[in-house]
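Me: Could you take a close look at one part of this model for me, the open sheet with six strands? I'd like to know how it is put together and what it leads to in the rest of the chain.

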Amino acid sequence: MNVNIAPDIVAKELSAAKNLDDYYAKLVPAGMGAGWNKSEPSLYPAPKKTFLPAHWPYRTARPALDAAARLVRTEDAERRNLILHNPVAGHGYGTASTIVAAYQMIKGFESARSHRHTPNALRFILESGPGTYTIVDGKKVPMEEGDVVLTPNWCWHGHCNEGPDNAYWIDVLDVPLTQLLGPIFFEGLEGKFIETAGEAAANSPYRFPFATWGAKAVQQKESRPGLREIVVGPPHLDSLRIKWRYFSSNAKVDEAETTANCVYAVHSGSGRVRCDEYEFEWARGDVLVIPSWRAARWEVGSESYLLRVSDENLLEKLNWLRTAG
Ligand SMILES: [Fe+2]
C-alpha cells in the first residue's frame with residue numbers, strides 16, 4: 001500500500017474504475033496487481049531453462065591462478081579463487097541457480113585464513129604436495145590429489161601449505177541458494193590468521209580419498225551401459241549431493257532433463273558432452289555445469305572419472321526432484 005494515499009481514497013477510486021485498464025492502473029497505488037494480468041506467468045508446465053550449460057578448462061584456470069599468485073596475497077584476498085560465473089546474460093555470480101564453483105590455489109608455504117560461514121562447501125583437490133591440509137574445526141585434514149574434503153555449514157576452515165609446491169583445487173558451495181533464502185552468516189577468526197591445529201586427521205569423516213572412492217565407483221553396478229556411480233558419504237551435506245561417476249571408455253550415455261543442477265569436475269579421462277546446442281570436450285581438471293532441465297548426451301573417449309555435485313539432497317527433501325519422461 002502506498003502510504004501517501006489514504007486507503008479509503010484508493011478504495012473509492014477502484015470502486016469507480018471504468019474498465020479493466022483503468023482498474024489495473026488504480027491497483028498500483030494499492031500495492032496490488034491482478035493475478036490474471038501478469039506480464040510473465042508465474043506457473044508453467046515445466047522448468048525454464050534459465051541458466052546455460054558451460055565449460056571451464058583447467059588449462060585456462062591454472063595459469064590464471066598462477067598470475068593471481070603474482071598479483072595478490074592470500075592475506076588480501078581472503079581466498080585466491082576464481083569464481084565460475086554462469087554465462088547467461090545479466091547474471092553475475094553463481095555457476096547455476098543454487099551452486100557456485102571456483103578454482104582456488106595457495107602457493108608453497110602459504111595459508112588462507114580460517115573463517116566459517118553458513119553455506120556448505122566441498123573441495124576437490126587437483127594438485128598438491130606433501131604438507132597441504134585444511135584445518136576443519138581445529139583438526140588438520142590432509143588435502144591430497146583426488147581428495148574430496150567437506151566443510152559443512154558453520155565449520156571453521158583454513159587452508160595451509162607447509163611444502164614448496166603450489167596447491168590447486170575446485171571449490172563447490174551452495175552460496176547462491178543460501179543468498180536466495182537469506183541465512184548468510186560469515187565470521188573470520190578473531191585475533192589470528194589460522195585456527196590452532198590439533199592432530200592430523202587423515203581418517204577425518206570430512207575427507208574422501210580418491211583411491212577409496214574411485215575404486216568404489218568402479219565396483220558399482222552399471223546404472224546404464226557405460227556409467228557407474230556412487231554417492232560420496234556419509235556424512236552428507238544437507239543441500240548438495242556428491243557422486244563419483246565412472247564412465248567406461250567409448251561409452252555413450254543419454255540423460256533426460258532433471259530438476260537438479262549439476263556441476264562436474266573432471267578427475268581424469270576425456271570425452272565430450274552435448275547439451276542442447278552446446279558441446280564441450282572435457283579433460284582433467286575441467287569444470288562443467290549442466291543446469292536444471294537440460295538433457296545431456298555423454299560421448300566418452302578414454303575412461304573417465306567425474307565428480308558430480310548437484311542440489312539433489314535439497315530437492316529430494318522438498319519432493320521436487322524430478323526427471324523428464
Ligand atoms: Fe570458506
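Reply: Sure, with the reminder that this is a predicted model. The sheet runs β1-β19-β16-β21-β14-β13, six strands in an open arrangement with antiparallel pairing. At its edges sit β1 (54-56) and β13 (227-231), each of which pairs on one side only. Going from one strand to the next, the twist averages 20°.

Let's zoom in on one pair of neighbours. Strand β16, residues 262-268, runs antiparallel to β19, residues 287-290, and four bridges join the two. If you want a pair to click on, take Cys262: its bridge partner in β19 is Ile290.

Next to Cys262 in sequence is Val263, another residue of β16 (residues 262-268), and it's a good one to follow. Which residues does Val263 contact once its neighbours within four places in sequence are set aside? They are Thr95, Ala96, Ile99, Ala101, Val172, Val287, Val289 and Val309. Val287 and Val289 in that list fall within β19 (residues 287-290), while Ala101 is on β3 and Val172 lies in the range of β10 (residues 167-173).

That list also brings us to the core. Val263 and Leu122 have the most contacts inside the largest nonpolar core, which has 73 residues. At least three residues of this core come from each of domain 2 (54-209) and domain 3 (211-317). The chain is divided into those two plus domain 1 (7-37), and the C-alpha centres of domain 1 and domain 2 lie 52 Å apart.

Since Val263 touches Ala101, have a look at the strand that carries Ala101. Strand β3 covers residues 100-106, and seven of its seven residues are buried. Val100, Ala102, Gln104 and Ile106 point one way, whereas Ala101, Tyr103 and Met105 point the other way. That fits the usual pattern: in a regular strand, side chains alternate between the two faces of the sheet. Here both sets are buried.

What pairs with β3? Strand β2 (residues 81-83) runs antiparallel to β3, with three bridges joining them, and there Ile83 stands opposite Ala102. Strand β10 (residues 167-173) also pairs with β3 in the antiparallel sense, over seven bridges. Ala102 turns up again here, with Asp171 as its bridge partner in β10.

Back on the six-strand side, there's something to see beyond the helix α7 (312-317), in the segment that holds Leu321. Leu321 touches Thr259, Ala260, Glu312, Leu315 and Glu316, leaving out residues up to four places away in sequence. Ala260 is 61 residues from Leu321 along the chain, yet their C-alpha atoms are separated by 6.6 Å. Is Leu321 buried, exposed or in between? It's partly exposed, because 17 other C-beta atoms lie within 10 Å, and buried would take 20 or more.

Lys140 makes a handy contrast. It lies in strand β7 (residues 139-142) and counts as buried because 20 other C-beta atoms lie within 10 Å, which just meets the cut-off of 20 or more. Apart from residues up to four places away in sequence, Lys140 touches Tyr133, Ile135, Ala197, Ala200 and Ala201. To place Lys140 relative to Pro235, the two are 95 residues apart in sequence and 18 Å apart from C-alpha to C-alpha.

The strand of Lys140 leads to another sheet, an open one of five strands in the order β7-β6-β9-β4-β11, with antiparallel pairing. Its edge strands are β7 and β11 (186-188), each pairing on one side only. Neighbouring strands of this sheet are turned by 30° against each other on average, direction ignored. At the β11 end, three bridges join it to the antiparallel strand β4 (residues 111-117), and His117 stands opposite Phe186 there.

Finally, some context for the whole chain. It has seven helices and 21 strands, and its C-alpha trace spans about 80 × 55 × 35 Å along the principal axes. Of the 325 residues, 39% count as buried. Among contacts with a separation of 6 or more, 74% join residues 24 or more positions apart.

How values were computed. Residues are numbered from 1 along each chain as its sequence is written. This is a predicted model: local features need pLDDT of at least 70, side-chain atom pairs count only at pLDDT 80 or more; totals for chains, interfaces and linings use all residues. Two strands pair if DSSP finds at least two bridges between them. Axes are lines fitted to C-alpha atoms, for helices over the stretch in contact, and angles run from 0 to 180 degrees between N-to-C directions. A residue is buried if 20 or more other C-beta atoms lie within 10 Å of its own, exposed if 12 or fewer, and partly exposed in between; C-beta atoms are placed from the backbone. Domain bounds come from an automatic or database domain assignment. A nonpolar core is a set of buried Ala, Val, Leu, Ile, Met, Phe, Trp, Tyr and Cys residues joined through C-beta atoms within 7 Å. Two residues are in contact if their C-beta atoms, placed from the backbone, lie within 7 Å.
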